[in-house]
Amino acid sequence: MDHTASEMMMITAARALKDDDVCFVGIGMPSAACNLARLTHAPNITLIYESGTIGAKPYVLPLSIGDPELCETAVTTVPVPEMFAYWLQGGRITIGFLAAAQIDRFANINTTVIGAYAKPKVRLPGGGGAPEIAGCCGQVFVIVSHSPRAFVPKVDFVTSFGFGTGGDHRRRAGIKTAGPSLVVTDLCLMRPHAETKELMVTSVHPGTTREEITKRTGWPVKFAGDLHETPPPTAHELSVLRELLNRSGQGSGVGPS
Amino acid sequence: MPRFLALADAIAEYVHDGDTVAMEGFTHLIPFAAGHEVIRQRRRNLTLVRMTPDLIYDQLIGMGCARKLIFSWGGNPGVGSLHRLRDAVENGWPQPLELEEHSHAGMAHAYAAGAAGLPLAILRGYVGTDLPNVNPNIRFIDDPFTGERLAAIPSLRPDVSIVHAQRADRAGNVLLEGIVGVQKEAVLAATRAIVTVEEVVDDLRVASPNSVVLPHWTVGAIVEAPGGARPSYAHGYYRRDNVFYTQWDAISRERETFLGWMNENVLRKSSSPSPPIRGRG
């Protein structure tokens with residue numbers, strides 16, 4: 001079965017989620033991937049949206065983080081201060097799932113501005129829940145399309161802290177959680193090096209070359225010694241994803257986050 | 001006992017030029033009717049506070065009501081940019097907009113601290129980010145017990161908070177349900193509070209002893225404004241108008257189309273006709 005690059009991305013991201021995960025879900029591609037996991041191999045996964053909905057099981061993908069579909073299908077809906085204080089800061093979430101406008105070699109994320117903060121070239125939406133999702137979830141997955149504009153040596157603004165300048169910077173900053181452990185793109189999977197924390201390519205999607213990944217990454221990207229090829233989407237994964245997107249009116253893809 | 005007022009009278013009396021105003025509602029129950037009345041009454045130099053500025057503040061900013069924005073995520077949810085917010089920040093149109101930018105966790109804690117009457121909020125947040133470099137209201141303190149370094153920000157205490165709710169009874173008790181966001185905190189943190197409601201009823205029809213109810217003595221004014229959250233939604237009344245949220249991208253992208261839409265759909269409309277005064281006061 002033929003598939004698109006964005007389908008590959010959502011399916012690969014979904015596979016990284018486990019049945020017992022408690023996942024803090026961003027809108028857009030993270031939400032598509034998390035619900036695909038729930039509808040395939042992880043039926044018991046708990047999906048939490050920052051609007052306060054815990055255990056949401058949306059039949060159609062929400063356009064916003066607070067669509068009625070989320071509240072109506074949730075186990076419970078809590079006030080937003082409680083969501084951030086007890087559930088996120090309290091350490092109840094295993095995976096935070098984020099998108100990014102820019103991500104750098106140490107997995108710091110920018111969703112605030114392109115250019116200088118005081119005089120931005122592009123004013124982006126900002127952090128929302130992401131700064132504390134990046135700090136308080138057990139680990140963080142990032143999903144982002146692979147381009148030199150997105151994969152930069154250093155982000156223009158650190159909205160969400162990954163590994164700072166690398167090495168043990170995260171621990172020195174007093175952060176106890178693991179941080180970004182997986183980056184999913186339309187070309188490959190990246191994981192941080194155990195010591196340096198620099199993002200390295202660990203798995204290449206079918207039909208993608210090393211040269212293409214190198215060309216579309218804004219720093220001299222390294223490849224893991226035991227480089228894998230990502231298994232292609234199965235017919236089942238593709239049909240569940242397409243049904244989900246179609247009934248959500250997003251057959252042509254999901255919007256930005 | 002709150003006063004039951006027409007929308008135009010409530011805004012005229014409770015919202016003044018230069019005020020710090022919070023219109024809250026996390027995607028759900030956004031008080032659009034009240035926001036539009038603020039635009040019609042041409043309030044100026046407001047400091048607008050909202051976690052997600054959403055279309056309502058895009059409109060207020062584009063119409064020149066705001067001097068400053070305190071916020072944590074300024075996009076059109078699931079669609080893209082807020083073009084009027086961007087135009088104000090990137091080009092100073094129709095006037096420059098000062099930003100005080102936080103994270104959601106920071107804003108949520110700051111509202112809760114305001115409701116609690118505390119001067120500051122403390123959280124485990126902002127660590128390693130550039131936000132403290134651009135917002136002097138984000139600082140760090142040491143916990144006197146464990147020594148842990150924690151973020152501290154001033155509590156939010158708006159001059160006036162405006163929220164929309166499902167209904168009020170004739171004594172002025174207010175029921176909120178569904179995604180309840182930070183509305184209770186915003187009301188309790190504010191000096192004055194206006195609540196617009198879908199309907200005023202004899203019986204609040206409270207589903208559970210734990211339902212979110214704002215007792216009548218916490219609210220200054222109640223305005224009956226059916227449909228007052230559209231194109232946002234009111235759980236149990238009407239759905240979110242996702243089509244309009246998507247269309248707003250094209251409407252708001254250029255100044256001319258934006259001003260045309262505002263003129264047609266906000267300025268030329270009168271505020272909803274004064275409802276019969278059905279409260280006791």
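This passage describes confidence, one sheet and the unusual backbone geometry of chain B in a predicted model.

The predictor assigns the complex an ipTM of 0.95 and a pTM of 0.95. Chain B has an average pLDDT of 95, and 96% of its residues score at least 70. Residues 274-281 of chain B are a weak stretch, with pLDDT under 50 throughout. For this stretch the model has 17 contacts beyond four places in sequence. Where pLDDT is low, predicted coordinates should not be read in detail.

An open sheet of three strands in chain B follows the order 8-10-9, with antiparallel pairing. Strand 8 (120-123) and strand 9 of chain B form the edges, each pairing on one side only. Neighbouring strands of the sheet are turned by 40° against each other on average, direction ignored. Strand 8 of chain B is joined to strand 10 of chain B by four bridges, and the two run antiparallel. On this side, B:L123 has B:A151 of strand 10 as its bridge partner. Helix 5 (residues 104-115) of chain B packs on the sheet and touches strand 8 and strand 10 of chain B. The direction of helix 5 makes about 135° with that of strand 8 of chain B.

Strand 9 (residues 139-142) and strand 10 (residues 149-154) of chain B also pair in the antiparallel sense, over four bridges. Here B:F140 is bridged to B:A151 in strand 10 of chain B. Strands 9 and 10 of chain B form a hairpin with six residues between them. In the turn, B:G147 has a positive phi of about 85°.

Most residues other than glycine have a negative phi, and most peptide bonds are trans. Several sites in chain B depart from these patterns. The peptide bond from B:W93 to B:P94 is cis, with omega near 0°. B:P94 sits in the loop between helix 4 (83-91) and strand 7 (98-101) of chain B. B:R230 and B:P231 are likewise joined by a cis peptide bond, with omega about 5°. The loop that holds B:P231 runs between strand 15 (221-224) and helix 8 (242-253) of chain B.

Positive phi values also occur outside glycine. For B:N45, phi is about 60°. B:N45 lies in the loop between helix 2 (32-40) and strand 3 (46-49) of chain B. With 14 other C-beta atoms within 10 Å, B:N45 is partly exposed. For B:R205, phi is near 55°. B:R205 lies in the loop between strand 13 (192-201) and strand 14 (212-214) of chain B. B:R205 has 12 other C-beta atoms within 10 Å and is therefore exposed.

Conventions
Residues are numbered from 1 along each chain as its sequence is written. Chains are lettered from A and ligands numbered from 1 in the order in which they are written. This is a predicted model: local features need pLDDT of at least 70, side-chain atom pairs count only at pLDDT 80 or more; totals for chains, interfaces and linings use all residues. pLDDT is the predictor's confidence in each residue, from 0 to 100. Two residues are in contact if their C-beta atoms, placed from the backbone, lie within 7 Å. Two strands pair if DSSP finds at least two bridges between them. Axes are lines fitted to C-alpha atoms, for helices over the stretch in contact, and angles run from 0 to 180 degrees between N-to-C directions. A residue is buried if 20 or more other C-beta atoms lie within 10 Å of its own, exposed if 12 or fewer, and partly exposed in between; C-beta atoms are placed from the backbone.
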